[in-house]
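Grab a pencil and open the viewer. Below are some exercises, each with a worked solution you can follow step by step.

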Amino acid sequence: MGTFVIRMPDVGEGIAEAELVEWFVKEGDTVREDDIVASVMTDKATVEIPSSAEGTVTWLGGEIGQEIAIGADLLKLDVAGEGNAAQTPAGSESPPPNSGATSAGRKEVEEAKGSVPAPKASVADTVRPASQTASMPAAPNRARNADGKPIASPSVRRRAREAGADLRRVPGSGPAGRIIHADLDAHLNAPATSSPAHSSRQRTSVEEIKVLGLRRKVSERMAAANAHIPHITIVEEVDVTALEDLRQQLNATYASARGKLTVLPFIMRAIVLAVAEQPALNANFLDDQDLIRQFGAVHVGIATQTPNGLMVPVVKHAEALSLWEAAAEVSRLAKAARKGNAGVKDLGGSTISISSLGPLGALATTPIINKPEVAIDRKSVV
């Protein structure tokens with residue numbers, strides 16, 4: 001038997017660390033090669049980390065929400081053979097920083113609860129207001145990850161949100177009590193046991209949602225952009241009746257063969273023409289280097305709302321795309337972002353961005369510039 005160390009891989013160019021957002025295994029679990037063991041978040045994408053060996057998990061290298069450096073120990077396995085422990089950097093045997101438990105404390109918990117330690121409960125689960133406890137129906141014990149959330153994949157969580165289901169009420173039948181799609185189906189299809197007497201009762205529950213992963217990255221980037229970039233907003237009202245007539249004519253003629261056009265590809269074309277006249281707008285300002293990097297290529301970031309938060313997929317080389325090619329690329333990127341499988345290459349490298357309210361409309365808005373860019377276009381159709 002030997003020890004095999006899985007280290008945090010390089011998850012993107014220029015990325016020094018990534019936030020641990022989910023563990024798919026716990027100590028004592030047996031994993032096979034290529035099994036997904038963890039999910040990490042960078043400021044560009046969520047990346048799943050596979051196991052590069054088969055063995056039994058003996059050590060986890062961090063808590064949910066912790067930043068893990070590229071190359072740092074992420075997980076250790078007991079494996080058949082020598083393993084790769086000889087290559088492990090000195091000092092990696094110590095527990096992860098801010099883990100909240102010493103080795104001795106962890107041993108006591110394991111001896112008290114068995115060979116496999118139970119996931120830690122969050123403060124919100126340990127200390128709950130009396131009014132909330134009284135109003136919440138009793139439920140059997142559920143396996144939870146380190147931040148107190150039930151263990152489930154992102155796709156299960158998304159389905160639960162869309163259906164309005166509380167995963168804390170769903171028994172998990174997967175490994176380590178993990179909630180799988182079949183468990184959610186059974187919960188959603190179960191007959192209601194009771195109905196409220198009326199719908200006008202006061203609501204006293206308080207839900208605490210820890211800001212992790214993409215939401216935290218977005219908030220950090222927006223705060224940094226707002227602090228470092230002087231924002232000047234110019235609002236113009238433009239009559240696009242002729243453009244809308246052209247769009248409808250093109251769709252009537254070519255939609256069946258080329259796909260439908262929204263207004264967005266036309267806005268992208270307008271940006272391409274505008275930055276050709278004002279190239280200083282198609283640039284990055286690197287304030288820590290006192291450097292402006294001006295681009296010939298026009299890589300347009302499209303601010304996209306997803307179930308997991310705001311993402312900015314990038315249409316590369318918009319200057320070389322036709323209206324239909326731009327529309328197809330926007331559609332592909334938006335679908336990938338909303339499904340959570342947009343890659344690092346899809347989410348990085350923008351030189352200028354568009355923030356679109358679509359048909360919601362607004363007379364004036366002040367979007368935050370996507371740092372280190374120097375300009376952002378806000379499209380609104382009224």
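## Exercise 1: Who surrounds Asp346?

Leaving out residues up to four places away in sequence, Asp346 touches Val312, Pro313, Val314, Arg332 and Leu333. Keep in mind that you're looking at a predicted model.

**Task.** Find where Asp346 sits, decide whether it is buried or exposed, and say which side chain it joins in a polar contact.

**Solution.**

Step 1. Start with the address: Asp346 is in the loop between α9 and β15.

Step 2. Now check the accessibility. Asp346 has a relative accessibility of 17%, and the cut-off for buried is under 20%, so Asp346 counts as buried.

Step 3. Go back to the neighbours. Arg332 is one of the residues that Asp346 touches, and the side chains of these two are joined by a polar contact of 3.3 Å.

## Exercise 2: Checking a helix

**Task.** Work out how the reach of helix α9 compares with the expected value, and list what its buried residues pack against.

**Solution.**

Step 1. Helix α9 covers residues 323–339, which makes 17 residues.

Step 2. The expected reach, at 1.5 Å a residue, is 24 Å. From first C-alpha to last, α9 reaches 24 Å, close to that expectation.

Step 3. Next, pick out the buried residues: Trp324, Ala326, Ala327, Val330, Leu333, Ala334, Ala336 and Ala337.

Step 4. See what lies against them. The buried residues of α9 pack against two helices, α7 (241–258) and α8 (264–277), and also against the strands β12 (304–306), β13 (309–311) and β14 (314–315).

Step 5. Finally, look just past the end of α9: Gly340 has a positive phi there, about 80°.

## Exercise 3: Hunting salt bridges

Here's the idea to carry with you: side chains of opposite charge can pair when their charged atoms come close.

**Task.** Say how many salt bridges the model has, then describe the pairs made by Asp185, Glu244 and Lys371.

**Solution.**

Step 1. Count first. With a cut-off of within 4 Å between a side-chain nitrogen of Lys or Arg and a carboxyl oxygen of Asp or Glu, the count is nine salt bridges.

Step 2. Take Asp185. Its partner is Arg159, and their closest N and O atoms are 2.6 Å apart. Asp185 belongs to helix α5 (residues 181–189) and Arg159 to helix α4 (residues 154–163), so this pair ties together parts that are 26 residues apart in sequence. Asp185 is partly exposed at 30% relative accessibility, and Arg159 is partly exposed at 29%.

Step 3. Turn to Glu244. Its side chain meets that of Arg247 in a salt bridge, 2.6 Å from N to O. Both residues lie in helix α7, three residues apart, which is about one turn of the helix. Glu244 comes out as partly exposed at 22% relative accessibility, whereas Arg247, at 17%, counts as buried.

Step 4. Now Lys371. The salt bridge between Lys371 and Asp287 spans 3.8 Å, N to O. Lys371 is in the loop between β15 (352–356) and β16 (376–379), while Asp287 is in the loop between β9 (283–286) and β10 (291–294), so the pair ties together parts that are 84 residues apart in sequence. Lys371 is partly exposed at 25% relative accessibility, and Asp287 is partly exposed at 26%.

Step 5. Some bridges share partners: Glu329, Arg332 and Asp346 are joined this way into one network.

## Exercise 4: Walking across a sheet

**Task.** Give the strand order of the open sheet of four strands, and work out which strands stand at its edges.

**Solution.**

Step 1. Read the order across the sheet: β5-β4-β2-β7, with antiparallel pairing.

Step 2. Look for strands with a single partner. These are β5 (46–50) and β7 (67–69), so one side of each has no neighbour in the sheet, and they stand at the edges. From one strand to the next, the twist averages 45°.

Step 3. Follow the pairings. β4 and β5 are antiparallel and share five bridges, with Ala38 opposite Ile49 in β5. Four bridges join β2 to β4, where Trp23 has Ala38 as its bridge partner. Three bridges link β2 (residues 17–23) to β7, and there Glu17 is partnered by Ala69.

Step 4. Finish with β4 (residues 36–41). Five of its six residues are buried, so β4 is largely enclosed by the rest of the structure.

Definitions and conventions: Residues are numbered from 1 along each chain as its sequence is written. This is a predicted model: local features need pLDDT of at least 70, side-chain atom pairs count only at pLDDT 80 or more; totals for chains, interfaces and linings use all residues. Side-chain values use heavy atoms; hydrogens and water are left out. The expected span of a helix is 1.5 Å times one less than its number of residues. Buried means under 20% relative accessible area, exposed over 50%, partly exposed in between (1.4 Å probe, protein chains only). Contact means heavy atoms within 4.5 Å. Two strands pair if DSSP finds at least two bridges between them. Axes are lines fitted to C-alpha atoms, for helices over the stretch in contact, and angles run from 0 to 180 degrees between N-to-C directions. A polar contact is a pair of N or O atoms within 3.5 Å; within protein, one must be able to donate a hydrogen and the other to accept it, and residues adjacent in sequence count only if both atoms are side-chain atoms.
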